[in-house]
Amino acid sequence: MDLFEHQARELFEHYGVLVPRAEVADSAPAARAAAGRLGGRVVVKAQVKTGGRGKAGGVKLAADPTAAELTTRQILGMNIKGHTVHRVMVAEPVEVEREFYVGYALDRARGRFLAIASAEGGMEIEEVAARRPEAVARIAVDPEEGVTEAKAVEIAAAGGLPAEVAGILRRLWTVLTEQDALLVEVNPLVVTRDGAIVALDGKVTLDDNARFRRTYAYGPDTGTAVDPLEAEAAAKGLNYVKLDGRVGVIGNGAGLVMSTLDVVAGCGARPADFLDIGGGASAEVMAAGLSVVLGDPDVRSVLVNVFGGITACDAVAEGIVRALDTVTLTKPLVVRLDGNSAARGRAILAERAHPLVHQVDTMDGAAARAAELAASAA
Ligand code: GDP
Ligand code: MN
């Protein structure tokens, strides 16, 4: 999960990193009131989980509460790289003297974290790295050793940053380790006119595998699952990703679902989703999955591709039959069952004899059939 800037800001503050005073607002009058409390002159910042907001017009200085209200009215509803702005952060402006970049990112290939530091902050770091790679220092951090005082000084020096940022580098490392983050980035980290070092913008990506042991309350994650189908699927505990094609895809096991997407594409059609009902998928899970996919108005046909292993095909077939009792099937369903208890599964479906359910015994054949049915329904 990616955090919004205001959530990252709160987290940094909690760990003793200096951040501007700020409030979140979801309407122009709320922004006006917040500006009033923050001293009048404020920066209004779009809260979307993408960078480059400044360039897109999503970060604006407002001279007083009235200007903050007007600016917020312009920013709310704005689309920044595909993200609609629902809220803004109203922050006390900072007098910027110098801008730096600092961050930690997971280097999966080497099983290490990478500290990244650059004296050229403010711009997108990828741009700086492409144009002047020597201006971006990358230092490996051993996760067991962590960022010691000496390490922090080394990182700062490598990036051409003043030694005073060492303390912040260590605090950000604590944020990363204690919050199970995969990425912690501050761009820009600024030196103010008064010589204070302030995190002006933050990006934090948390490792969702560690969700169970998160200690910090992030509040409702209103920004991620914007797709209502994805939200519904998440609530049902399904691994579902909405795609933009017409063939709904359901399978068991991420690998099988991925190859099913490929085979559907190979048949000249486009998958409408990725839905993995998982290893020990029960009839209930199958029914829940079907109702999500059938609820997608883009779907023209549904392909259920199951290789019975731990999940027996007869359980899957029963799930489909049960789903047919609760959901009115308005779209053709192509089912391929193979592996554990395939014969019994096929028999259960054959007995139900629903006119819109087609059984095909091979994956390629089933995908071709689903593609064909989607095309003729379009
Ligand atoms: P991003 O474009 O999404 O990375 O948004 P940022 O929060 O990094 O803001 C973009 C740029 O706006 C920063 O690099 C700063 O140069 C500038 N900026 C943001 N807040 C302030 C502020 O309080 N004071 C000043 N002087 N500049 C700011
Ligand atoms: Mn930034």
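Colleague: Into which domains is the chain divided?

Modeller: In this predicted model, the chain is divided into domain 1 (21–91), domain 2 (96–213) and domain 3 (227–377). The centres of domain 1 and domain 3, taken over C-alpha atoms, are separated by 43 Å.

Colleague: Which domains each give at least three residues to the shell around ligand 1?

Modeller: Domain 1 (21–91) and domain 2 (96–213) each contribute at least three residues to that shell. If we look at strands instead, β2 (42–46), β7 (96–107) and β10 (181–192) each supply at least two of its residues.

Colleague: What makes K45 a polar contact of ligand 1?

Modeller: A polar contact is a pair of N or O atoms within 3.5 Å. An N or O atom in the side chain of K45 is 2.7 Å from an oxygen atom of ligand 1, so this pair meets the cut-off and counts as a polar contact.

Colleague: How do you know that N187 and D201 belong with K45 in this respect?

Modeller: For N187 the atom concerned is a backbone N or O atom, which lies 3.2 Å from an oxygen atom of ligand 1, while for D201 an N or O atom in the side chain is 3.0 Å from an oxygen atom of the ligand. Both values are within 3.5 Å, and therefore both pairs are polar contacts. Of the 560 Å² of accessible area that ligand 1 has on its own, the protein covers 76%.

Colleague: Which residues come nearest to ligand 1, and how is its shell made up by class?

Modeller: There are 17 residues around ligand 1, and K45, R53, G54, V94 and E99 come nearest. By class, the shell has seven nonpolar, five polar and five charged residues. The space that ligand 1 takes is the largest pocket.

Colleague: What kind of peptide bond joins N187 and P188?

Modeller: The bond between N187 and P188 is a cis peptide bond, with omega at about 10 degrees, and P188 is found in strand β10.

Colleague: Where does K81 lie, and what is its phi?

Modeller: K81 lies in the loop between β4 (79–80) and β5 (83–84), and although K81 is not a glycine, its phi is positive, at about 45 degrees.

Key:
Residues numbered from 1 in each chain as written. Chains lettered and ligands numbered in written order. Predicted model: local features only at pLDDT ≥ 70, side-chain atom pairs only at ≥ 80, totals over all residues. Heavy atoms only, no water. Near = heavy atom within 4 Å. Polar contact = N/O pair within 3.5 Å; in protein donor to acceptor, adjacent residues only side chain to side chain. Areas by Shrake-Rupley, 256 points an atom, 1.4 Å probe, with all protein chains shown as cover. 1 Å grid on protein atoms, 1.4 Å probe; cavity = no way out; pocket = protein on both sides within 12 Å on 5 of 7 lines; lining within 4 Å. Sits in = over half its atoms within 2 Å of the grid points. Helix = DSSP H or I, 4+ residues; strand = E, 2+ residues; numbered from the N terminus. Nonpolar A, V, L, I, M, F, W, Y, C, P; charged D, E, K, R; others polar. Domains from an automatic or database assignment.
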